Amino acid sequence: MILEVSEETKEFVEEIPEEIRNALDGRIGAEEKIRVSVSTDITLEGEYGTGWLVATDKRLMSFSPDGTGAPRVIHLPLEDVASVEMQNLFGSNTLKVRTGDRGIEIARFSKSLVPKFAQVPSEIETLIRKKKPLEKGAEEKTAHTEARSDRKQRRCPKCGRVIPESSDVCPRCIKKGKLLYRLLGYAAPYWKLFATGLSIMLVATIIGLTPPLLMRMLIDDVLVTKPLTEGISGLRTFILSLAPRGSTSLLALLVGLSMVVSVSSNGLRAFRGYLMARFGQRITLDLRNKLYRHLHVLSLGFYAQRETGRIMSRVTQDVSRVQDFISEGLHEGIRSILTLVLIAAILFRLNAGLAILVLLPTPFLVIVTLLFSKKLHRVFHTLWKRMAGLSAILADTLPGMRVVKAFTQEEREVAKFDRKSAQLFYMGLRAVKLRTMFGPMMTFITYLGTVIIWWVGGREVMEGHLTLGDFTAFTGYMWQFYFPVQMLCRLNHRFQHAATSAERVFEILDAEPDIADMPHATELPEVTGRIQFRDVTFAYEEGKPVLKHLDFDVEPGEMIGLAGHSGAGKSTLINLICRFYDVNEGAILMDGKDVRDVTMKSLRSQIGVVLQDPFLFNGTVTENISYGQPDAAMRQVIAAAKAANAHDFIMDFPDAYDTQVGERGTKVSAGERQRLAIARAILKDPRILILDEATSSVDTETEAKIQEALERLVKGRTTFAIAHRLSTLRNADRLLILEKGELVEMGTHEELLKQDGIYAKLCRMQTKLSSIRAW
């Protein structure tokens, strides 16, 4: 078999491991060319593991471990394959081929590998077309398959590759070369701080380069005093003007100067370090705040596609890595370059011939660095993604620890964490392996230069062409020359860390919100509460409408009950009123104005929401009630709590209104959380109120108190109420019954019962269930 790699197909061809090569032996011909070889990270059984998809110019093969030692093999001649398509599943994607009579899954992989597999279907179909000419019907089918795939997947307008669902930016089109330039843009406001640190570094570097010259004078002018045979440098002339050669006073002077150089150099470095740390912290503060601010601008769709832990890792870990590079790495790089220039000038001043020999290893150092940099970037990119995956597990599991313990799933969660941790461990070992190879290789190359200088320079000293002091100074500067070269090479690791993290940070900063204020958007004045749906259709995914042609009017102060089976579109309807999403067709009018033509802040400031599972922030009772009105007076907070039937249980707390409710309100009961949420809505005093299953998860006594509070809350407000307990909707002015996204019934409770439709059926079912419970 032949591994065929060309410029066009190199992104589809990976190095095949030995066990897969062994499995291929006997299954493909010796002259058969492998055109596609890509690895997966999930087996065909849905377990984590490495599988392989291999396509030659004659056949398609899939290898997936099944736990028995030998991989499971799927073998299909290309002429039997009718089409190839990528299918989007929850948590993973699959590659599926269709033959004349069946569909076969040949690869399964996580969302992180979607970019790698994006063009694989079209590449395999190219091989199929070369193997057998497509009939007219097959061509149409292939076109339909590609069109269907494009509808499901977002593609980059520049390169045509699929954009990962966890991203809004094409990873291939991020200009990595401009990442450093963008980072430096954040340094512009603090250029004075940077310039001061740079100036101190320049002075400290120059002072730090004087010890070899002092050592040269110690040897040639104090310890071994031979007649001067050539001109001497300005520094040497100045020092000899203060004390004669070979004298004790010159020795004392050189020792004193050495102490001054050491103290001043280290003192300046310490001050420079503080300035640069402050410089990096200021930039990091701006970047982290901008990132967090932009997260609030992004739409809910952004968070629906991403795990909380992965977003948190970008705000914390990735920004910290960027800070390390800006405050330390960047300055270290400038210092190393400056040191190299100054030492090179000194070396050529001392002995031009030896200086050229010192520079010989430098091109090899650069070549090795460039070869390793690309590999390191790929490894670190994967490493950070796996770190973010570990953070995602923690962010998902720790808040749900009560559920984990209730279902005794501790071992399962630990096993899941261990699996992710092991993946991180092995990727970390891969990174360490590259780094451990890189360091010794660089050291060996620099040592070759040392050996050359010892040989050539030692001979010149023996022949009298070079003084011992000059040779000692030269070797000292040689080591100082190679040290910044190695620092620059090590800086490559730090830069790869920072570049990967900056790429992840800028990916969020470059993401555009799905929902944003229109350029012509105006402030929405205080509304009366009239809402109109005009032939509204909405779909989360193109071609799969959730709401279809809704058309109705709601008068100011009217209470609308929303009912229907689960998945009918009730929650989607209220999301559209809040403009968390925009309609695909039609319009929603509020007091005659399209909600898309007004600013989101002025729209949402007039809407209050009480959810089925109210979210409380980690703070005091007062802070949570006044969340929508932070400047509310304490008497207003207490009045809202009394209206929500919450004041009595709040006063039973040891710290009353200063009681900490805990993370997500875990220190209060479900009913208490619900009444605090109602108090929050009352204090906001919205014109439009949305109640989403506000009493579904509480006992009967608590429900009665909540209902009493809700009756006070809805007075004079346009209200939309969702409830599965249809008895709570009896007081609604009208009921809207949704079925599969369509408005199928509308009227009062009594009118809908007379119609004997879906609502009447739901009422009979709940009445029957209630009688069973009572019995």
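"Partly exposed" describes a residue with a relative accessible area between the two cut-offs, under 20% for buried and over 50% for exposed. Keep these words at hand for the views below, which come from a predicted model.

**View 1. Glu85 and Arg98 join two strands.**
Arg98 has a relative accessible area of 28%, so this residue is partly exposed. Its partner Glu85 counts as buried, at 7% relative accessibility. The side chains of Glu85 and Arg98 meet in a salt bridge, at 4.0 Å from N to O. Glu85 belongs to strand β6 (residues 83-88) and Arg98 to strand β7 (residues 92-98), so the pair ties together parts that are 13 residues apart in sequence.

**View 2. Asp553 and Arg534 make a salt bridge.**
Look for the closest N and O atoms of Asp553 and Arg534, which are 2.7 Å apart in this salt bridge. Distant parts of the chain are linked here: Asp553 sits in strand β10 (residues 544-554) and Arg534 in strand β9 (residues 531-541), 19 residues apart. Asp553 counts as partly exposed, at 23% relative accessibility. Arg534 is also partly exposed, with a relative accessible area of 30%. Now widen the view a little: a network of salt bridges links Arg530, Arg534, Asp551, Asp553 and Glu555.

**View 3. Asp582 and Arg579 meet as a buried pair.**
Are Asp582 and Arg579 buried or exposed? Both of these residues are buried. Their side chains meet in a salt bridge, with 2.7 Å from N to O. For the wider count, the structure holds 12 salt bridges.

**View 4. Helix α6 has a buried side and an exposed face.**
Helix α6 runs over residues 191-208, which makes 18 residues. From its first C-alpha to its last, α6 reaches 25 Å, close to the 26 Å expected at 1.5 Å a residue. Which residues of α6 are buried? They are Phe194, Gly197, Ile200, Met201, Ala204, Thr205 and Gly208. These buried residues cover an arc of only 140 degrees around the axis, which puts them on the same side of α6. Turn to the face away from this buried side, and you will find the exposed residues Trp191 and Lys192.

**View 5. Leu251 helps to make a nonpolar surface patch.**
Four names to find here are Leu251, Val255, Met259 and Val263, which make a nonpolar surface patch of about 370 Å². Leu251 is found in helix α9 (residues 248-297). With a relative accessible area of 35%, Leu251 is partly exposed. Residues enter a patch of this kind with over 30% relative accessible area, along with other conditions.

**View 6. Arg673 is a buried arginine with several contacts.**
Arg673 has its place in helix α22 (residues 670-684). Its relative accessible area is 17%, so Arg673 is buried. What does Arg673 touch, leaving out residues up to four places away in sequence? The contacts are Pro614, Leu616, Arg664, Gly665, Thr666 and Val668.

**View 7. Stepping back, the whole protein comes into the frame.**
Here you can place the close-ups in a protein with 25 helices and 18 strands. The protein has 775 residues, and 46% of them count as buried. It exposes about 39,600 Å², of which carbon and sulfur atoms supply 58%. Among contacts between residues at least 6 apart in sequence, 68% join residues at least 24 apart.

Technical notes. Residues are numbered from 1 along each chain as its sequence is written. This is a predicted model: local features need pLDDT of at least 70, side-chain atom pairs count only at pLDDT 80 or more; totals for chains, interfaces and linings use all residues. Side-chain values use heavy atoms; hydrogens and water are left out. Patches are made of residues with over 30% relative accessible area and no salt bridge: like charges are joined within 9 Å, nonpolar side chains (Val, Leu, Ile, Met, Phe, Trp, Tyr) within 5 Å. Accessible areas come from the Shrake-Rupley method with a 1.4 Å probe; for residues, only the protein chains shown count as cover. Helices (H or I, at least four residues) and strands (E, at least two) are DSSP runs, numbered from the N terminus. Buried means under 20% relative accessible area, exposed over 50%, partly exposed in between (1.4 Å probe, protein chains only). The expected span of a helix is 1.5 Å times one less than its number of residues. The arc is that of the directions from the helix axis to the C-beta atoms. Contact means heavy atoms within 4.5 Å.
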